[in-house]
Amino acid sequence: MNYTDQTLTSFEHTFIGVYLIVSGILATFLNLVGLVVYWRFPRLLCTPSAIPEIALLLADLATTGLNPFSGAAALQNRWIWDDHAGCQLYAFFGFVFGDFQVLCIPFLAFDRYIITAENSALRKYRTRKIYSKLLLLLIAYSLFWSVTPLLGWASYAKTAPGIVCTLNWMKVDVSFVSYLTAKFIASFMASLVISMIFYRKAIRLVHKNRAREIHWCRKKSIRFVSFGCMFSTYLSFAIYATVCMWAIIAGPQTIPRIANALPAVWVKLAGIFNPIFFVYYNPRLWACTKKMFGLNYDSEQMHRDKTEERIWMDSPRNTARSIRTSHDPVDTAHVVLHPADNE
């Protein structure tokens, strides 16, 4: 099989182009709604947990911003942007935001374990100052793995279908193998293991009835939400790892032509699933979202913990709006009552 055998048909190009544009619109809407909810209810939501949550929504939004470029290329059956600078920039930003998506998952798992644990010694680290420093560290880590291919450790190039520019798995040499191995272990596997450890600890605390009252999911669905939060991102990026490993083991010429396009298509699902699992399965965020749209919501989720640090530095205008949001009389027509409310 040669490289020309790996090009897609006109129908396949059109299908992928339409998919990338439609999925980009959906992901943009979901992530923007999540960000607006934080802006609309700052005094309720803007605890230290908001730092990794908002960072993930922004990373999803930034990654989605690349969809029009790859979507237009797919519809034109070829890469229509500059073959050198345009290709390298697309791949660089795709890796920066993609790596940051992956790194946000263990950050959130760490935060959620602290929230769940009743007497965690780690609670002292859940502050705006420490979380901000950790966020900057993760950004720097993402930049490191994204810049090095521009400097000669592996490389970026167009994929055979000409839809996206990404890591050049068609050039399997010592540089590519060493980069991929190091990145797979130090970035992908490390973050996956850390996430699994913290989510597993949180699940065990809930099942043993040793957990605090948590707001990031309902206790009865903690297992489903925990796995969803991990694999909404890791499963998407695992396709990249699979194709790259295939190139190393069997040679790039043996990769089926559709498999060359699959990573670019599959990875976009993270931008759709992340806001679903991290926002809409979060009872407090979901209640705020429903209230914002004037729908029935659970009033119990609208009570904030006054012991938690607030990270939002309100201006007088925002303060007035936040106070109204937090203390407006409850509209009984839009509240879902619990049985305990009638006792």
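1. Helices here are DSSP runs of H or I with at least four residues, and strands are runs of E with at least two. On that basis, the stretch of residues 131-156 is 65% helix and 4% strand, and the C-alpha atoms at its ends lie 32 Å apart. The model under discussion is a predicted one, and each point below should be read with that in mind.

2. As to the overall layout, the protein contains 12 helices and 2 strands, and its elements, taken from the N terminus, follow the order α-α-α-α-α-α-β-β-α-α-α-α-α-α. Of the 343 residues in the protein, 50% are buried.

3. The unreviewed UniProt entry lists several spans under "transmembrane region", among them residues 89-110 and residues 131-156. Residues 89-110 are 100% helix and 0% strand in the model, with 32 Å between the end C-alpha atoms. For residues 131-156, by contrast with a fully helical span, the helix content is 65%. The place of A154 is in the loop between helix 6 and strand 1; A154 has a positive phi of about 65° although it is not a glycine, and with a relative accessible area of 8% this residue is buried.

4. A second non-glycine residue with a positive phi, again about 65°, is N77, which is found in the loop between helix 4 and helix 5. N77 has 34% relative accessibility and therefore counts as partly exposed, because that class covers values between 20% and 50%.

5. What is the total of salt bridges found in a search of the whole structure? The search gives 4. One of them joins the side chains of K158 and D83, with an N to O distance of 3.6 Å, and this pair links distant parts of the chain, since K158 belongs to strand 1 (residues 156-158) and D83 to the loop between helix 4 and helix 5, 75 residues apart. Both partners fall in the middle accessibility class: K158 is partly exposed at 37%, and D83 is partly exposed at 49%.

6. Another salt bridge is formed by K183 and D99, whose closest N and O atoms are 2.7 Å apart. Because K183 lies in helix 7 and D99 in helix 5, the pair ties together parts that are 84 residues apart in sequence. Both K183 and D99 are buried.

7. R126 and D111 likewise form a salt bridge, with 2.9 Å between the closest N and O atoms. Here R126 lies in the loop between helix 5 and helix 6 (128-147) while D111 is in helix 5, so the parts tied together are 15 residues apart in sequence. R126 is buried, as is D111.

8. Turning to the rings, the whole structure contains 24 aromatic pairs. In one of them, W79 and Y90, the ring centres are 5.4 Å apart and the planes stand at 75°, so the pair is edge-to-face. W79 is in the loop between helix 4 (67-75) and helix 5 (85-116), whereas Y90 is in helix 5, so this contact ties together parts that are 11 residues apart in sequence. Both W79 and Y90 are buried.

9. The pair of F184 and F188, on the other hand, is stacked, with 5.7 Å centre to centre and 15° between the planes. These two residues are 4 residues apart in helix 7 (residues 174-207), so about one helical turn separates them. Their accessibility classes should be noted separately, because F184 counts as partly exposed at 26%, while F188 counts as buried at 14%.

10. Two further ring arrangements deserve a look in the viewer. Y141, F144, W145, W153 and Y179 form one aromatic cluster. The charged end of R40 sits over the ring of F41, at 5.3 Å from the ring centre.

11. On the surface, V18, I21, V22, I25 and L75 make a nonpolar patch of about 410 Å². Which element contributes the largest share of this nonpolar patch? It is helix 1 (residues 10-40), with 4 residues. I25 lies in helix 1, and its relative accessibility of 58% means that I25 counts as exposed. The UniProt entry, which is unreviewed, includes residues 16-38 among its "transmembrane region" spans.

Terms used
Residues are numbered from 1 along each chain as its sequence is written. This is a predicted model: local features need pLDDT of at least 70, side-chain atom pairs count only at pLDDT 80 or more; totals for chains, interfaces and linings use all residues. Side-chain values use heavy atoms; hydrogens and water are left out. Patches are made of residues with over 30% relative accessible area and no salt bridge: like charges are joined within 9 Å, nonpolar side chains (Val, Leu, Ile, Met, Phe, Trp, Tyr) within 5 Å. Accessible areas come from the Shrake-Rupley method with a 1.4 Å probe; for residues, only the protein chains shown count as cover. Buried means under 20% relative accessible area, exposed over 50%, partly exposed in between (1.4 Å probe, protein chains only). UniProt positions are given in the numbering used here, feature names are shortened, and annotations may be inferred rather than shown by experiment. Rings of Phe, Tyr and Trp (its six-membered ring) pair if their centres lie within 6.5 Å; planes under 30 degrees apart count as stacked, over 60 as edge-to-face and the rest as tilted. A charge sits over a ring if NZ of Lys or CZ of Arg is within 6 Å of the ring centre and within 35 degrees of the ring normal.
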